[in-house]
Amino acid sequence: MKPVESEFVFALTNPGSEKALKLEVETMKLGWRPGYQRRGFVTFKADKPFSFDSLDVEIATARRLCLSLGKATTREAGVALLGETRIIHHARFADRKMQGVCDGKTSGKPQLGEVVGTVVELGDSEFWAGLHRHAPFLSPDPAGDAGILMPAESPSRAWLKLEEAARFFDLEFTRKDIVVELGCAPGGVVLALINRGVPVIGVDPAKMAEVVLASAIAERQDVLTDSSWFFQCRKPAALTSKRDLGLGVTWFMSDMNQSPEVVLKECARFCKMAPSIRGVLITLKLTDLLQVADKSQWFASLAEMGFKTIRLQQLSVHHKEFALLALR
Ligand SMILES: C[S@@+](CC[C@H](N)C(=O)[O-])C[C@H]1O[C@@H](n2cnc3c(N)ncnc32)[C@H](O)[C@@H]1O
């Protein structure tokens, strides 16, 4: 494909996050100025034209970032703006959500480096077309919306958060992993992990759902097989000790409704107690999405713990939340 340049980029975000997106871009000092805006959709302009390389920036509040090729009045005309692009994703603002459109005609998962087209429907006759290159830690799904359906047996929507994060970041959990999750009740995340065959130590004083308790073991030391199991440490995170964790914990997760500072402090303590932890996946709960302006402090804490790859990302299932991923 010929080099593409554009005067504008557009970002897709969760409706209601537009202000946080603009603040985040301003805080990053990219020199991008916000332009046209609709619910879930913001364009930016800069002094120089944008190229694909301009999109190599990590904007947590953008579920998708594209070089804008302009707008059309029909979907077909929007698709035509994209030229010869193998993978074309469709998105639509509907039911107050920015949704990916899965029309059954799947064109497969994009390869790394492959150019993906996106057509965004904002109204009856408003279709924006854009391009981006698929890269690690970018969602392979239309508009960053995995369209995953939660099973009826899941005790909470946290199931969706784990599944969408795994898909967005292309994470693999195996039966050789052991996950410790702080704030595990009632058990949506635990259920998703158990169903993937992954053992979990859950930390939470609250009661777990029956569907999860079916896999529960009474003592951490009971574990003799490599099949998945769940052990609940029924106390607050701050009272959990090295003994509760045992050996071999590989992932730290948290879904506690606590401030980022409290969660990151516990993360540092758990990483000290279990040096085998290789990955961190936190659902950061904020009182205001504008707290995204503090992201460099969260990254600095994780870097101090020895993590090299750090990503903050809004998922389509999030409200006032972000997924914070860190890998050694
Ligand atoms: C949003 S819910 C978690 C949902 C859960 N991850 C799931 O998959 O269903 C938040 C949980 O955090 C727990 N929590 C809050 N503060 C905590 C702390 N200091 N230590 C452990 N758990 C805590 C609460 O008891 C509550 O169950």
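Colleague: Which residues of helix 7 are buried?

Modeller: Pro260, Val263, Leu264, Glu266, Cys267, Phe270 and Cys271 are the buried ones. They cover an arc of only 160° around the axis (taken from the directions from the helix axis to the C-beta atoms), which puts them on the same side of helix 7. Buried means that 20 or more other C-beta atoms lie within 10 Å of a residue's own, exposed means 12 or fewer, and partly exposed is in between, with C-beta atoms placed from the backbone. This is a predicted model: local features need pLDDT of at least 70, side-chain atom pairs count only at pLDDT 80 or more, and totals for chains, interfaces and linings use all residues. Residues are numbered from 1 along each chain as its sequence is written.

Colleague: Which residues are exposed on the other side of helix 7?

Modeller: Glu261 and Lys272 are.

Colleague: And what covers the buried residues?

Modeller: Contact is judged by C-beta atoms, placed from the backbone, lying within 7 Å. The cover includes strand 9 (179–182), strand 12 (251–254), strand 13 (279–285) and helix 8 (295–304). Helices (H or I, at least four residues) and strands (E, at least two) are DSSP runs, numbered from the N terminus.

Colleague: How do I read strand pairing?

Modeller: Two strands pair if DSSP finds at least two bridges between them. Here strand 1 (residues 6–12) runs antiparallel to strand 3 (residues 41–50), joined by six bridges, and Ala11 stands opposite Val42 in strand 3. Strand 2 (residues 33–38) is also antiparallel to strand 3, through four bridges.

Colleague: Which residue takes a positive phi in the hairpin of strand 2 and strand 3?

Modeller: Gly40, near 80°, with two residues between the strands.

Terms used. Two residues are in contact if their C-beta atoms, placed from the backbone, lie within 7 Å.
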